[in-house]
Amino acid sequence: FGNLLKAVVSEISRRGIPDLLFVCDRGSADGKAVAEGLGSKYDFSEYAMEYERNFVGEDTESVTSRGLEIRPSLLLDHDELLNLSMITFNENREDAENYLKSVFESERRIQHVGILNDKIVGMVSVYREPGKSYIHGLSVLPEYRKRGIGRQLLKFKVREALCANPDWKIEL
């Protein structure tokens with residue numbers, strides 16, 4: 001592992017990549033020990049949830065109440081999406097640009113925006129791979145939170161995933 005890691009560090013340095021990200025399950029004692037031994041510092045946590053098809057909750061049919069328009073994101077939305085991403089994910093401009101580039105260039109990612117009064121106030125994406133739909137990048141501008149917008153965007157993507165591939169797993 002040490003030799004492989006040295007080769008990786010050498011290669012990412014050659015390519016000008018500034019950081020190396022280690023993903024470690026919080027229950028992995030070995031993973032934590034390796035990260036500590038390398039002098040890594042904790043940066044952030046991510047959590048995953050899986051949709052249960054037998055869940056009996058609110059219907060997912062009506063998702064555009066209260067005047068929220070949901071539509072696919074467009075290249076001409078770039079500046080608003082960049083601003084939204086930087087604010088809601090606390091990202092620098094370069095990271096936000098890279099995220100948006102990956103969304104617009106990928107054939108497997110589909111992003112939608114939530115619009116109120118002609119302003120993009122939220123966004124959500126889905127990444128599809130065989131057997132799974134991953135919902136990610138859900139965000140709402142701080143001044144528009146606690147209005148049900150995030151819930152509507154999420155319900156929209158769950159419904160879209162269920163319609164597109166009813167047997168696939170859906171993860172958030």
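**Entry 1: Val-8 and the surface patch**

I began with Val-8, which counts as partly exposed because its relative accessibility is 31%. I note that the model I am reading is a predicted one. I placed Val-8 in helix H1. I then looked up the nonpolar patch on the surface and found Val-8 in it, together with Phe-1, Leu-4, Val-9, Leu-20, Phe-22, Val-34 and Leu-38. I recorded about 690 Å² of accessible area for these residues together. Which element gives the most to the nonpolar patch? I found that helix H1, residues 2-14, does so with three residues.

**Entry 2: the chain as a whole**

I next turned to the overall layout. I counted five helices and five strands in the secondary structure. I read their pattern along the sequence as α-α-β-α-α-β-β-β-α-β. For the extent of the C-alpha trace along its principal axes, I noted about 55 × 40 × 30 Å. The chain has 172 residues, and I found 30% of them to be buried. I recorded an accessible surface of about 11800 Å² for the chain, with 51% of that belonging to carbon and sulfur atoms. I also looked up contacts between residues at least 6 apart in sequence: 57% of these join residues at least 24 apart.

**Entry 3: the largest nonpolar core**

I recalled that nonpolar side chains tend to be buried together in soluble globular proteins. I therefore looked up the largest nonpolar core here and found 27 residues in it. Which of its residues touch the most other members? I identified them as Leu-81, Tyr-144 and Ile-149. I listed the elements that give two or more residues to this core: helices H3, H4 (93-105) and H5 (149-164), and strands S2 (109-116), S3 (119-129) and S4 (132-140). I then followed Ile-149 and, leaving out residues up to four places away in sequence, found that it touches Leu-68, Leu-116, Val-121, Val-140 and Tyr-144.

**Entry 4: Thr-88**

I closed with Thr-88, which I located in helix H3, residues 78-88. Is Thr-88 buried or exposed? I entered Thr-88 as buried, because its relative accessibility is 16% and the cut-off for buried is under 20%. I then searched for polar partners of its side chain. A polar atom of the Thr-88 side chain lies 2.7 Å from the backbone oxygen of Leu-84. I also found a polar contact at 3.3 Å between the side chains of Thr-88 and Ser-139. Setting aside neighbours within four places in sequence, I listed Ser-139, Val-140, Leu-141, Pro-142 and Arg-145 as the residues in contact with Thr-88. I noted that Val-140 is in contact with Thr-88 and is also touched by Ile-149.

Notes
Residues numbered from 1 in each chain as written. Predicted model: local features only at pLDDT ≥ 70, side-chain atom pairs only at ≥ 80, totals over all residues. Heavy atoms only, no water. Helix = DSSP H or I, 4+ residues; strand = E, 2+ residues; numbered from the N terminus. Buried < 20%, exposed > 50% of the residue type's maximum accessible area, 1.4 Å probe, protein only. Polar contact = N/O pair within 3.5 Å; in protein donor to acceptor, adjacent residues only side chain to side chain. Contact = heavy atoms within 4.5 Å. Patch = residues over 30% accessible without salt bridge, like charges linked within 9 Å, V, L, I, M, F, W, Y side chains within 5 Å. Areas by Shrake-Rupley, 256 points an atom, 1.4 Å probe, with all protein chains shown as cover. Salt bridge = Lys/Arg side-chain N within 4 Å of Asp/Glu carboxyl O. Core = buried A, V, L, I, M, F, W, Y, C linked by side-chain atoms within 4.5 Å.
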